[in-house]
There are 2 protein chains.
Amino acid sequence: MTLENLFASRTQHMRASEIRELLKLLEQPGILSFAGGIPDPALFPSDAFAKAYASALTPERQAGSLQYSVSEGYLPLRKWIADRMALFGVACSVENVLITSGSQQALDYLGKLFLSPNDTALVRWPTYMGALGAFRAYEPRFDRLSLGANRPVQDLKDAAQASGGSVKFAYLSSDFSNPTGETVDRQGREQLLDLAEALNSAVIEDAAYQELRFDGDFVPPILAIELERKGHIDACRTIYCGSFSKTLSPGLRVGWVVAAQPVIQQLVLTKQASDLHSPTINQIVIHDVAARMFETHLAKLREHYGSRRDAMLSALERHMPNGVAWTKPEGGMFVWLTLPEGMNGADLLADALRTEQVAFVPGAAFFPDGSGENTLRLNFSSPNIEQINEGMLRLGRVLRGSMN
Amino acid sequence: MTLENLFASRTQHMRASEIRELLKLLEQPGILSFAGGIPDPALFPSDAFAKAYASALTPERQAGSLQYSVSEGYLPLRKWIADRMALFGVACSVENVLITSGSQQALDYLGKLFLSPNDTALVRWPTYMGALGAFRAYEPRFDRLSLGANRPVQDLKDAAQASGGSVKFAYLSSDFSNPTGETVDRQGREQLLDLAEALNSAVIEDAAYQELRFDGDFVPPILAIELERKGHIDACRTIYCGSFSKTLSPGLRVGWVVAAQPVIQQLVLTKQASDLHSPTINQIVIHDVAARMFETHLAKLREHYGSRRDAMLSALERHMPNGVAWTKPEGGMFVWLTLPEGMNGADLLADALRTEQVAFVPGAAFFPDGSGENTLRLNFSSPNIEQINEGMLRLGRVLRGSMN
């Protein structure tokens, strides 16, 4: 007897990622790791959280905090999010906001909402691994999203149709992207909206890192740009996914979706059927902490992560051999390296672990087709500046060794 | 432009339940409602929760509580669950335990794991509405699970095949079932296992109410009975879904699955792709509270809910007209009424709200085919004894009026 024979076909697409298994090993003591993608726990506003949990559990409030609640999410938090979105040019009401368990859950729900098997999802090459994982469960075909490229729209449509579906959405990590650290500029966002109009597809804007801008000019969310065009959010095809994981805490699992009401209404049904609602108390607590200190806490994060980004970029300048290129992110948590053609990030990682005990994520894991072998992702939010300096020194030695 | 045209076909099966919409109205002040299915918030162990959150957020522990964590769940909680399961005859290791966001999420994941469109899910007539909702997203066919019935196995198989799939699992709310309050006895569980063997299908045991037994004899979980047969959990086809929602708090959204390792491993991948992990801090806190006071708290719940069950059964004896039958649950939160043939629970609810301001759930919502019109569900965990007495008096008057 083996139940695996009974598994649905979609499970064929949900294999354990080799890279994820590898990453578990990389967090061992002694390894100088730039492989993670997590916030620095020393920066969590834990005193504020302790106060907020205590306040949510007073005799007057405990019943509301510990009980079942509505699938849409905690109303004051939805209101806070609607107000925050307005600051970025996204005028919306609470009816346009759904609370999710992190933005990962939003990606899962959006896959579930749009994708039938063999439908096409347009994604960047490379793309956040967790988005590929969420969408794969719904058995799509991935095609490459190239902004400003001269691939004809009809060609994208034909390829989708030949695969047995249509282009349902384009997914984009818009600001300080995971994995590249790059931000799509306003022109790129306009091009994406034009493309989505021509394809009649949705746009999924993954804005998980948006609040972590250290410098450079604010770029309006894709949804804000579409709102300028259309005048009302309920006429928009862009679905914005936000998260408190990179700003307040990932451990509470609170994120959100902002979109046209028909999309939110269907997502509410999806949430009801999938986990009823996100934890009541965590939503209340996130609202309390956000309302009390979001801006001051963000300022602290930007200062800390910004100086680590600076340290990494300057250490890369000092230690990288010729032929290695890297992105210059204006925020977020990642720098993306491109090695000379023919080099292999996975082989390099094996070398780096053995000879220098330094770790990173080989870039191929972020490409739906396994290309991008000569790329790698470095994280600068977890290590401190001393570790960044030492790590880049070691990485430079490994690279020089491999290039000889 | 309307994005609804882009929705996947599965969304056709995910409509807002009329009854759920109705239920929102029933919680208005002035209505004496037996329609809910929620714990009494006055019984939440809120002091213990307050202490546990404070303890999880000390400077030494805050980083572990607020950070990302593994998809499998918090190891000490998985260990606590494995130990608890052993008390019920389910010998298992932490490798057989996955933490989910309530048992609702387990049902969603199991639908995702097993069901391709047109596969068959066997369910009782009636069945927990949330299970039907979770499974419907994967476009199954429902067939009727009748224990000890003389419908030939081949007939079930043929019907499944004719619909374009196979019988992937039988789902059962095993103890003090939602909605009927009934418990399947050992013989019924043995028959279910025999049927699953003959069909080569999985068994999903929804044990959300199992710990809420007030009296009567313990019935071993279906998984425990299968373990007696097979000798090792990894050879078992039964998948057990548990929850802290009815015992400690639903607002933290912590449940679990216990099953053979290959099933757990695939569910871990499902969880990774869907929400990464359940909230770290809530798992730590549930573990703390459970380890400290689970048995004493359960004793308190059993006493309170048991006396409400007693009050409801005796009030039904006093006030129900002839021709009305009801279940005598040994635990849980619900009593199930069967009215004379030809009566309609939904019409009765309209009457009851108008004339007596008393509410319940019409039973048809729990039948995949909309039958069961002459049934209704009453909850006894939310109202107090005075409300139960007054409510059954009113319900008796409504029924008498309708039967004249």
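Contact is taken here to mean heavy atoms within 4.5 Å, and on that basis helix α5 (residues 102-114) of chain B lies across β2, β5, β6 (202-206), β7 and β8 of chain B, where it runs at about 155° to β7(B). The model is a predicted one, and the values that follow are computed from it.

The sheet that α5(B) touches is open and built from seven strands of chain B, in the order β2-β8-β7-β6-β5-β3-β4 and with mixed pairing. Its edges are formed by β2 (97-100) and β4 (141-144) of chain B, each of which pairs on one side only. Between neighbouring strands of this sheet the turn is 25° on average, with direction ignored. Helix α4 (residues 75-87) of chain B also packs on the sheet, where it touches β2, β7 (238-243) and β8 (255-258) of chain B, and its direction makes about 115° with that of β2(B). Within the sheet, strand β3 (residues 120-123) and strand β5 (residues 167-173) of chain B pair in the parallel sense over four bridges; B:Thr120 has B:Val167 in β5(B) as its bridge partner.

In chain A, seven strands form an open sheet of mixed pairing, with the order β2-β8-β7-β6-β5-β3-β4. The edge positions are held by β2 (97-100) and β4 (141-144) of chain A, each paired on one side only, and the twist from one strand to the next averages 25°. An antiparallel pairing over four bridges is found between strand β7 (residues 238-243) and strand β8 (residues 255-258) of chain A, in which A:Ser243 stands opposite A:Gly255 of β8(A). Helix α4 (residues 75-87) of chain A lies across β2, β7 and β8 of chain A at about 115° to β2(A), while helix α10 (residues 261-274) of chain A packs on the sheet through β2, β7 and β8 of chain A, its direction making about 30° with that of β2(A).

Most residues other than glycine have a negative phi, and most peptide bonds are trans. Against this background, a cis peptide bond joins A:Trp125 and A:Pro126, with omega about 5°, and A:Pro126 lies in the loop between β3 (120-123) and α6 (129-136) of chain A. A cis peptide bond also joins A:Asn178 and A:Pro179, with omega about 15°; A:Pro179 is found in the loop between β5 (167-173) and α8 (186-199) of chain A. A positive phi, near 75°, occurs at A:Asn118, a residue of the loop between α5 (102-114) and β3 of chain A.

The two chains bury about 6600 Å² between them, 60% of it on carbon and sulfur atoms. On the side of chain B, B:Leu6, B:Leu66 and B:Tyr68 lose the most area to chain A, and together these residues account for 11% of what that side buries. The contact takes 77 residues from chain B and 77 residues from chain A. Two salt bridges are found across the interface, and the side chains of B:Asp108 and A:Lys112 meet in a salt bridge with an N to O distance of 3.0 Å. Between chain B and chain A, 35 residue pairs are in polar contact, with both residues at pLDDT 80 or more. Among the helices of chain B that each supply at least two residues to the side touching chain A are α1 (18-26), α5 and α11 (280-319), and α10(B) gives the most, with eight residues. By class, this side of chain B has 38 nonpolar, 26 polar and 13 charged residues.

Methods. Residues numbered from 1 in each chain as written. Chains lettered and ligands numbered in written order. Predicted model: local features only at pLDDT ≥ 70, side-chain atom pairs only at ≥ 80, totals over all residues. Heavy atoms only, no water. Pairing = 2+ DSSP bridges. Axes fitted to C-alpha atoms, helices over the stretch in contact; angles between N-to-C directions. Buried area = accessible area lost by both parts, 1.4 Å probe. Salt bridge = Lys/Arg side-chain N within 4 Å of Asp/Glu carboxyl O. Polar contact = N/O pair within 3.5 Å; in protein donor to acceptor, adjacent residues only side chain to side chain. Nonpolar A, V, L, I, M, F, W, Y, C, P; charged D, E, K, R; others polar.
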